[in-house]
Amino acid sequence: MNTHPQVLDGTGAEISGLSAPAIGTPRTRVEGRDKVSGKARYAGDIPIERLAHGAVVTATIASGRITAIDPSATLASPGVIGVIDHRNAPRVDPEAGSPFFGPDGQLQLLQDDQIAHGGWPVALVVAETHEQARAGAERLRVSYVEQPHDIAFSPGHPAARPALSAFGPDANKGDLDAELAASAVVVDESYTTPAQHACAMEPHVATAWLEGAVLRGIDSNQAPYGIAAQLATLFGKPLSDVRVQVEQVGGGFGSKTGLGPQLILATMATMLFHRPVRVALTREEVFLATSARPRTDQRVRLGADRDGRLRAIGHEAAFEISGKSEFIENCVEIAKTLYAADAIRTRLNVVPLNILPVASVRAPGTAPGSFALESAMDELAERLDMDPLDLRRRNEPEVGPVSGLPFTSRNFQLCLSEGARQFGWAGRDHRPRRRREGHLLIGTGMAGTSFFTTAFPSSATITAEQDGTFTVAIAAIDIGTGARTALHAIAADALRVGWDRIRLRIGDSAIGPAWQAGGSLGTTSWGWAIVAAARDLLEQLESGPALPVSVTSDTTEEIMSRPHRERHSYSAVFAEVAVDPATGEVRVRRLVGRFAVGRVVNPLMVRSQLTGGMIMGLSIALQEEVVRDEVSGRQVNADFAGYHFAANADVPFIDADFVEDHEPDDPLGMKGPGEIGTVAVAAAIANAVWHATGKRHRELPIRLDRVIED
Amino acid sequence: MTNDARSEISLHINGTTHRLTVDNRRTLLDALREDTRHIGSKKGCDFGQCGACTVLVNGRRVVSCLTLAVAAEGAEVITVEGLAVNDELRPVQEAFVRLDGLQCGFCTSGQLCSAVGVLAEHAAGWPSAVTPDLSPDQPHRPLDADEVRERMSGNLCRCGAYPSIVRAVLEAAECEEVNR
Ligand code: FES
Ligand code: FES
C-alpha cells in the first residue's frame, strides 16, 4: 500500500517537505491512491482457495413457524454442496450477545423453527459458484404455519414497557407539571420518525474457514475484536481460536458493529462442509436481515417565561424493538443536557413487534431525538415571537442541568454564533411564508445539538524496530472515517518521529482488545491507546535497550479513573430551503454546520465526515423511510429504488467546519466527529420548511405528499 | 437452456484479452471480479440501482451488474484498474484523492468510471436533464456544478462525498479543457 499521503495547505494545494506535527495537518488518505485505482481490498475481494458460496433463504412470513423444508430440488441443482437449516445447523450458545444489551436472539440463527419477523434467515444453500448457490436457494421449498403478526407501532401499545437503563436513568428534575402550569408559553407536541437503514454501500459479506482449531474470518465489520469475541462465545470457542480480519470496509454507519448473519452463516457452513465459505448478503437481505433504526414517537413539552427562559422540558419517547434483541434508541438523551430548565423529565419506552431487530444507525437516539426537541424549540420560539437563535442563547446551563456535574468543554454558543454569522442569519424575518421567488417559497431554519462523548478501553502494541521504524498495531478499523490516516498521524506525533517511520497495522482481532468504529469514539479510543503505548515505549528506549522492543498499553484504568463530568460535542446547523407548493418538492439550497468536536486530527477528513453526516441528515429529513406491508409484515421497499437517500443532485455545496474546541480529559483533546454531523440537520430543515410554508412537519420524512398544496 | 449452460467468450479488459468459460447467467460484474480478478468494480446492489459497478464498455458507462458477460464479448471494457496510464493517475483520480472525493471508497470505482464517461459525454456535446438550451448548434459550454450533480446522480455515495466529488470532476474537466 502506498502510505505517503499528500500534505495540503489551507487552499487544498500540496505542500512538500513539511516537518510540522502530524496532528492538525490536512492530509490525504493513506489508502487514497489504492481506493482510486481499484487496488484497495474489501472483505469480498480477497481470494481464497477452494472457496464455496452461500446463499441465504429468508422467511416470507412475519410470524409463525416452519413446518417443513424440502431440499430435494436444491440438492439436485448443479453445483450445490449442501443446505443448512435449523435441523442440521451447529448449536450455538444462547447467552451470546453484547456487553450493553445482554443475550441477543438475533445471533441464534437456524436454531429452531420459529419465525419472529419477515426476512429472518431460515436456510443457507452452499454451492460451488454464487450463481449455483442462488439458483439452489430459489428451489428450496419451505412451508410455514403463519400466526398473526404485529407490526403496528404506537406509544400506547399494550406491550409497551420501559427501555433498558444501561445508558442512564430517566431524568426527574423538579416538578414538570408545576413548571408547565407556571409557564407563560407552552408547547406540547408529538413527533414521529420512521424506521431507517444504514445502507452502507458495501453489503455485509464474510468468508470463514478453519485452520486447524482456529476459526478464521474475513468480515466486513466495524469491530474486529468485538466481533471475534462474540463469535467465540457463540460457537463455544476460546477467543484465542478465533481470528477476524478485514482490510477495507465499505461503510458501516452502525450496521456492522455487531456480529452479522453473514459471518455466523459462513462459520456454520465451513464447520459442516469443511470448505472456506463466503456469504455475501444481497442488498435485499441487508435490508431484511441485518438491522435498522427503529420508528419513534416522541412527545415533547416545553414551558417558558415570556422572555424565553425555559422552565420545563419534558421528553417522553417510545421506540419499536424486535422480540429478539434489546436496544436503546436514546432519543431523550440531549433533553438532559442541552438546555437549562427548572424541571426536566424524560421517559423512554420500547414496543416489541414482529420486526427486524433494531440497532445502531448513525447517531442512534440523537438523530430522531434532536428532530423532536429542536422542532419543539422552534415552535416555542414561534409562540414567543422570538428569534429561535436567541431562544437557544438564553438557556445555556452552567452545569449539567440534570446531573449537576461540570461540563468539560462546552462550545455550543460558539457553534451557534459562528454558524449564524457564516449563514447570514441576522436580520431574518422570523414570520413564516414571507419570502417567494416566483412560484417557490423560501425559508430558513436552524437547530443545535450535543453528542455524548467519552473514550473506551483499548490496547495498542508498539514495537521499536532495529531499522528505526515503529510498528504500531491496534485492532482498529477504518470504515471510511479516515481512522487509518489519523492513527498514523497520532503515532508519529506520540513517538516524535516523521510520518515515514510509522508502520500501522489495524483490522485484525488477534492484535488485542480494542473499541469499535462506533459511538464516534473509534479514533479517540484507539488514539489514546497509541499515546499510552508510545509514552511507555519512549521511556523504555531511554536506557538504550537492544531492539526490537515492544510495549502493549491498556487504557482501561486511565479511562475509568477520569472524574465524572458532562462530556459532549456540540453543533449548530442552518438550512435554507426552496419549496414548490405545486409539487411538494423541498430542495435544500444551503446547509451550514459549525461543530465543536474536540481537537481535529485531520481537518480534510473531519470536514468530509461532517459533510457526509449532514448529507445523511438531509436524507433523513426528506427521503428515508422503511415502508412495511401490513398484510405480509415485510418491508416492501427493500432496495434503492424504493428506499431513497440523497443522490448527488439532491445535495448542495455544504459548509461544514469546526470551532476551536478541546476535551481536557483526553490526552489528545479529542471528542469525535463521526455522528454529530447527522444530528441537528432534520430539525433545521423541518424548521426551514415551516418558515417557507407556514406548515409544521412533525412527521419524517417531509415527503412530497405531505408538503403539496391545493 | 439448462440452468448450467456455459459459453466460451473473450473479454477485452483494459487492453488485455481474457478467454473464459462462463455460466451464461454470469454478469459482467462477476466475470470481472471473480473470473479475471478486477476487484475494483464493486457490487453495491446487483440491481442497477447504485452505480458501484459502473465500467466503460466501448467508451460508454454501463452498470456491469445488469450486463451479462456473454453480451460484452468483443467489446472494449475499461474498469477503474484501467483508468491510470502507466501507473500515473488520471487527473480525475488525482483530484478525488486530493479533494477527498471518497471516504469508505466503495462507490469510488463506479464514481470514477462514471466521471470519465461524463467528461467524454459532455465533450461530445451530449446534453443532460439540466442543460438549459437543447437547441442544436449551441456553443460548447463548460461543465458546471449542476451539470456534474445531475450527470453523476446514477452513482450513490452513502458516505456523502458528493460535494468533493463534484469539485473533483469540475477540476478534471478544466484540466481536460486546457489539454484540448
Ligand atoms: S451493483 Fe450495479 S448498480 Fe449497484
Ligand atoms: S465513499 Fe463510501 S459510499 Fe461513497
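Buried area is the accessible area, taken with a 1.4 Å probe, that two parts lose on being put together, summed over both. The exercises below apply this to a predicted model.

**Exercise 1.** Determine how much area domain 1 and domain 2 of chain B bury between them, and describe the contact by residues and charges.

*Solution.* Begin with the division of chain B, which runs over 6-82 for domain 1 and over 91-179 for domain 2, with 22 Å between their centres, taken over C-alpha atoms. The contact draws 16 residues from domain 1 of chain B and 16 residues from domain 2 of chain B, and the two domains bury about 1,200 Å² between them, 58% of it on carbon and sulfur atoms. Next, count the charged links: there is one salt bridge between these domains, and the side chains of B:Arg61 and B:Glu121 form a salt bridge at 2.9 Å, N to O, which satisfies the 4 Å cut-off. Finally, seven residue pairs are in polar contact across the two domains, both residues at pLDDT 80 or more.

**Exercise 2.** Characterise the interface between chain A and chain B by its buried area and its salt bridges.

*Solution.* First take the extent: 61 residues of chain A touch 51 residues of chain B, and the two chains bury about 4,600 Å², of which 55% lies on carbon and sulfur atoms. On the chain A side, A:Val36, A:Asn648 and A:Phe653 lose the most area to chain B, together 17% of what that side buries. Then turn to the charges, where six salt bridges are counted between the chains, and where the side chains of A:Lys39 and B:Asp87 meet in a salt bridge at 3.9 Å, N to O.

How values were computed:
Residues numbered from 1 in each chain as written. Chains lettered and ligands numbered in written order. Predicted model: local features only at pLDDT ≥ 70, side-chain atom pairs only at ≥ 80, totals over all residues. Heavy atoms only, no water. Contact = heavy atoms within 4.5 Å. Domains from an automatic or database assignment. Polar contact = N/O pair within 3.5 Å; in protein donor to acceptor, adjacent residues only side chain to side chain.
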